[in-house]
Amino acid sequence: MAILEITDLKKSFGPLEVLKNITFDVTKNDVVAVIGPSGSGKSTMLRSLVHLETIDGGSIRVADRYLVKNGAYAKPKELSSITARMGMVFQQFDLFPHLTVIENLELAPRLTKREPLDAIKRRSSELLAKVGLSDKSNAYPNKLSGGQKQRVAIARALMMNPDVLLFDEPTSALDPELTGEVLEVMKSLAEEHMTMIVVTHEMEFAKEVANQVIFMDNGHIIETGHPDQLFGNPQFDRTKAFLNRSN
Ligand code: ADP
Ligand code: MG
């Protein structure tokens, strides 16, 4: 069974239709790359999955529960436990500036109080090691490079043990020399079979790491397929035009 099932998603901002019947599935262990021109609705789609945007129609099923079914949202009490299955990493890191690295990681799990503190501490130090930042545990975000901040943001998202990790252009705000360290961390997560949806302009990353690529344009999914297919033999002129522009 798909861990995420997105059916006929619709979203408008006032008169502007931003998502028009977006439908796709994500299976456990998938790495889905979402590509497409600026303004095509990629961020809105991702934000809808974690209920940072409220959709106007369609369904989002996460594992065995519906966040929203035919436009009707789950009860308020259930919403946060459904969206908690997903972690999100934003373009702008969004770390809490007044908290140290380790405090950033531990804040959400401490607030939810679902597990003992020593378990939280064990996981935060494991995850910092995983992203190569054990030595930055007590640093404040403003002492970190952009690449380091984004690695902290990834570790923080992993603290809640999400079933799916969502990335919205995680390297777009970084100087080119810092993108590699973030992509490496993401690649190692993929190798450990983390289920991920990655909105990205990094075509090489999509080719190498994704097993499904979705091309969006103007609020539609134009084409979806394995990277070999979508990059090697795109079926639609709009896909071809976009890929030619991105090369
Ligand atoms: P992408 O991430 O593919 O660049 P977005 O999802 O950010 O696209 O935006 C899709 C469209 O929705 C754009 O036309 C954008 O201007 C518009 N949009 C996004 N967020 C809002 C908002 N909060 N209010 C009004 N329009 C918005
Ligand atoms: Mg965007």
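A residue counts as buried here when its relative accessible area is under 20%. Keep that cut-off in mind as you move through this predicted model.

**Stop 1: the annotated span.** Select residues 4-243, which the UniProt record, an unreviewed entry, annotates as "domain: ABC transporter". Over this stretch the chain is 38% helix and 27% strand, and the C-alpha atoms at its ends lie 27 Å apart.

**Stop 2: strand β10.** Next, pick residues 212-217, the strand β10, where 6 of the 6 residues are buried. In a regular strand, side chains alternate between the two faces of the sheet. Try colouring the two sides separately: Q212, I214 and M216 belong to one, while V213, F215 and D217 belong to the other, and both faces are covered.

**Stop 3: the partners of β10.** Now add β3, residues 31-35, which runs parallel to β10 and is joined to it by 4 bridges. Then show β11, residues 220-225, which is antiparallel to β10 and linked to it by 5 bridges. V213 is a handy residue to centre on: A33 stands opposite it in β3, and G225 is its bridge partner in β11. Follow β10 into β11 and you reach a hairpin with 2 residues between the strands, where N218 has a positive phi near 55°.

**Stop 4: E169.** Jump to the loop between β8 (164-168) and α6 (176-191), where you will find E169. Is E169 buried or exposed? Its relative accessibility is 13%, so E169 is buried. Beyond its neighbours within four places in sequence, E169 contacts K42, Q91, V199 and H201. For a distance check, draw a line from its C-alpha to that of M186, 17 residues away along the chain: you should get 12 Å.

**Stop 5: the largest pocket.** Which residues lie nearest the centre of the largest pocket? Select M86, G87, M88, A108 and M160, which are among the 21 that line it. The space inside comes to about 630 Å³. Elements supplying at least two lining residues each are α2 (76-83), β7 (86-89), α3 (101-112) and α5 (146-158), with α3 giving the most, 5 residues. By class, the lining has 15 nonpolar, 4 polar and 2 charged residues.

**Stop 6: the second largest pocket.** Finish at the second largest pocket, with a volume of about 180 Å³. Of its 14 lining residues, V18, G39, S40, G41 and K42 are closest to the centre. Both β2 (16-26) and α1 (42-49) give two or more residues to this lining, which is made up of 2 nonpolar, 9 polar and 3 charged residues. You have met K42 already, as one of the contacts of E169.

Methods: Residues are numbered from 1 along each chain as its sequence is written. Chains are lettered from A and ligands numbered from 1 in the order in which they are written. This is a predicted model: local features need pLDDT of at least 70, side-chain atom pairs count only at pLDDT 80 or more; totals for chains, interfaces and linings use all residues. Side-chain values use heavy atoms; hydrogens and water are left out. On a 1 Å grid over the protein atoms alone, a cavity is a set of points where a 1.4 Å probe fits but cannot get out, and a pocket is an open set with protein on both sides within 12 Å along at least five of seven lines; lining residues have an atom within 4 Å of a point. Grid points are joined across faces, edges and corners, and a volume is the space filled by probe spheres set on the points. Ala, Val, Leu, Ile, Met, Phe, Trp, Tyr, Cys and Pro count as nonpolar, Asp, Glu, Lys and Arg as charged, and the others, Gly among them, as polar. UniProt positions are given in the numbering used here, feature names are shortened, and annotations may be inferred rather than shown by experiment. Buried means under 20% relative accessible area, exposed over 50%, partly exposed in between (1.4 Å probe, protein chains only). Contact means heavy atoms within 4.5 Å. Two strands pair if DSSP finds at least two bridges between them.
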